[in-house]
Amino acid sequence: MPVKIRLQRHGKKGKPFYWVVAADVRAKRDGKYLEKLGTYNPNTNPATINLDIDGSVKWLQNGAQPTDTARAILSYSGVMMKHHLAVGVRKGAMTEEQAEEKFNAWLEEKKQKIQDKKDGLSKAEAEARAKALEAEKEVSAKRAAAALPEEEVAEEAAEETAEAATEEATAEAPAEEVAPAAEEEAAKEEE
C-alpha cells in the first residue's frame with residue numbers, strides 16, 4: 001500500500017486550513033487517512049505550521065512520499081533535515097548526539113529567522129499606521145483651512161459681542177465701586 005504525506009483541506013471558503021496527513025494514495029483528498037501529522041494555516045503571516053516531527057520522520061523512513069507542497073512544509077519545519085541526519089546516523093557518518101546537536105542548532109536558527117520576519121512585519125505595520133495618521137492629519141488641516149473663512153466671520157462676531165459685554169461690565173463696575181466708597185466717606189463725616 002503506497003503512502004503519501006499530503007494536505008487535507010479544512011476551513012471555510014476563502015480561508016483554507018490544512019491538516020498534514022499520511023494517507024493511502026487511493027484515498028480521496030479529504031477522505032480517510034492513516035495518521036494526522038500536524039496542521040498548516042496559510043492565512044497568517046508567516047504561515048503557522050504545527051507538526052509532529054518525529055512522527056513525520058518515522059513515516060518518511062517507512063517509505064511515505066510527500067507531495068510537493070507537503071515536502072516544502074516538511075522542509076520548512078525541519079522534518080526533512082532530521083530525516084537527512086537520521087540517514088547519516090544509519091550510515092555511520094555521525095553519531096546520534098552529533099545529529100541531534102546539528103538539528104537543534106538548525107532549529108534555533110530557523111526560529112530566529114521566523115521571529116525576525118514577525119518583528120519586521122510588525123515594524124512595517126506600525127510605519128504604515130504612522131503614515132496613514134499623518135495623511136489623515138494633512139487632510140483634516142486642509143478641511144479646517146477651507147472652512148476657516150466662514151468660521152472667522154462667526155468668530156469675529158462672537159468676539160465683538162464678548163468685547164461689548166466686557167465693556168458694559170467694566171463700565172458698570174467702577175460706578176458700583178465709587179458708590180460704596182462715597183457711602184463710606186459720608187459715614188465717616190457723620191461720625
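**Reading strands and a helix**

Mentor: Start with one pair: Val20 faces Gly38, which lies in β3. This is a predicted model, so local features need pLDDT of at least 70, side-chain atom pairs count only at pLDDT 80 or more, and totals for chains, interfaces and linings use all residues. Residues are numbered from 1 along each chain as its sequence is written, and side-chain values use heavy atoms, with hydrogens and water left out.

Trainee: How many bridges join β2 to β3?

Mentor: Strands (E, at least two residues) and helices (H or I, at least four) are DSSP runs, numbered from the N terminus. Two strands pair if DSSP finds at least two bridges. Here 5 bridges link β2 with β3, residues 35-41, and the two run antiparallel.

Trainee: What joins β1 to β2?

Mentor: 10 bridges do, with β1 (residues 3-12) antiparallel to β2. Find Arg9: its bridge partner in β2 is Tyr18. Now look at the turn. β1 and β2 make a hairpin with 2 residues between them. Gly14, in that turn, has a positive phi of about 85°.

Trainee: How many residues of β2 are buried?

Mentor: Buried means under 20% relative accessible area, by a 1.4 Å probe on protein chains only. β2 spans residues 15-24, and 7 of its 10 residues are buried. So the strand is mostly covered.

Trainee: Is His83 buried or exposed?

Mentor: Exposed would be over 50%, and partly exposed is in between. His83 has a relative accessible area of 19%, so it is buried. His83 belongs to helix α3, residues 79-91.

Trainee: Which residues is His83 in contact with?

Mentor: Contact means heavy atoms within 4.5 Å. Set aside neighbours within four places in sequence: His83 then touches Val57, Leu60 and Gln61.
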